[in-house]
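Trainee: I should like to take a close look at a single part of this model. Please describe the setting of one strand residue, moving outward from there.

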Amino acid sequence: MGVRLPVERIKRIGLRGSFFLLALCGLAVSLVLLALLWQGCGAIAARYSNGGYIIGPGGLVERLPSPSPEEARLLELLGDIKLAGCIILPLLGLAGAGALFYRWKLKRPIALLMEGTRRIQAQDLDFSIPQPSRDELGQLCAAFETMRAQLLRTNRELWRQGEERKRLNAAFAHDLRNPVTVLKGSVTLLRQGSRDPQLLDRLERYTQRIAEYVEAMGGVQRLEQLPVRPAPIDSAVLAAELAETARLLAPRLTASLSAPAPGPVALDHGILLTVAENLIGNAARFGRERLEIALSREGDTLTLTVADDGPGFPPELLRDGPKPFGRLAEDPEHFGMGLYSSRLLCQKHGGELRLQNRPAGGAAAVASLRISPGP
């Protein structure tokens, strides 16, 4: 316990401070060992005579016996040991301090970073790196973990966009197949000299339909590339704009609006209005008498709920979510791009779009956007 506590304290110190502290401790230990070495060598040397003279009581001079050749070599060796100890022990102390510094401060962070780098090189981002300490290497591990998490989010978003693009292209190709077939058949009839009076009307109608498909496809691609530019705006202004949008898009429905207390929020004004127009326009097509709009805020999320008293969303839409070029039996000419584009916009703004049927009847679309407090 007494050893573990200093180790934990050293782990909380910065790299420079911990290395300096360990170096001091290593030198202190080496000095203690050097003192013990000198003391031991002195005690051994004291057992043997070094020769010379000694002045006794009364001024009597007495000659000491000279050491034998073996004793002289031993005394010389003891002197060499003391001299070598003055060099070797401090070096060993510094080496021990360096070894402890590597073990306590460098080994685990370096291993974590190397393992993380290896897994990223192998395109494996499904892991996490802990912060082993509070020093510079610990902060580097934390920064590495932040980078890994951001790469993972980016990869997942790119994968989602790629899958979404595949579904979009498949839906686009599928829905164009029938109009193209009709056009080919009409061209064949024209070449055969057909006098069908509806032939030109059919050509014009299906040509316009293909043009609308192409425009819808281009609109989705523009949405995917649309930047998000948050700017401060008061929630009271948003409430007023929602009320005006409901008046213009759903004039036959009785609309009610609830909104939070006035206060600034930071969001992309255009994205919110586009989502609101899509949801209110969708409710206006299917609602019977009432339209309910609720704007609420909780933490860093602004939620827009648009509900109607119509037949509700079909089960496949609730199960699979909005899809591009998805048409309902009740409205076969509508491409279903409103809910799909609203979902894209909510995701770009850090939120989501949820569709649900209310227990009392009717449908509710709940769009959430990530916001930040205004200045």
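Mentor: The account below begins with one residue and proceeds to the sheet around it. This is a predicted model, in which local features need pLDDT of at least 70 and side-chain atom pairs count only at pLDDT 80 or more, while totals for chains, interfaces and linings use all residues. Residues are numbered from 1 along each chain as its sequence is written, and side-chain values use heavy atoms, with hydrogens and water left out.

Thr-303 lies in strand E7, residues 301–308 (strands are DSSP runs of at least two residues, helices, H or I, of at least four, numbered from the N terminus). Thr-303 is buried, at a relative accessible area of 17% (buried means under 20%, with a 1.4 Å probe and protein chains only). Beyond neighbours within four places in sequence, its contacts include Ala-294, Leu-295 and Val-366 (heavy atoms within 4.5 Å).

Opposite Thr-303 stands Ser-368 of E9. E7 and E9 pair in the antiparallel sense over seven bridges (pairing requires at least two DSSP bridges between two strands). Strand E9, residues 363–370, has seven of its eight residues buried. E9 also pairs with strand E8, residues 352–357, in the antiparallel sense over six bridges; here Arg-354 stands opposite Val-366. Five residues separate the strands in the hairpin of E8 and E9, where Gly-361 takes a positive phi near 110°.

These strands belong to an open sheet of five strands, ordered E4-E6-E7-E9-E8, with mixed pairing. Its edge strands are E4 (254–258) and E8, each of which pairs on one side only.

Key. Buried < 20%, exposed > 50% of the residue type's maximum accessible area, 1.4 Å probe, protein only.
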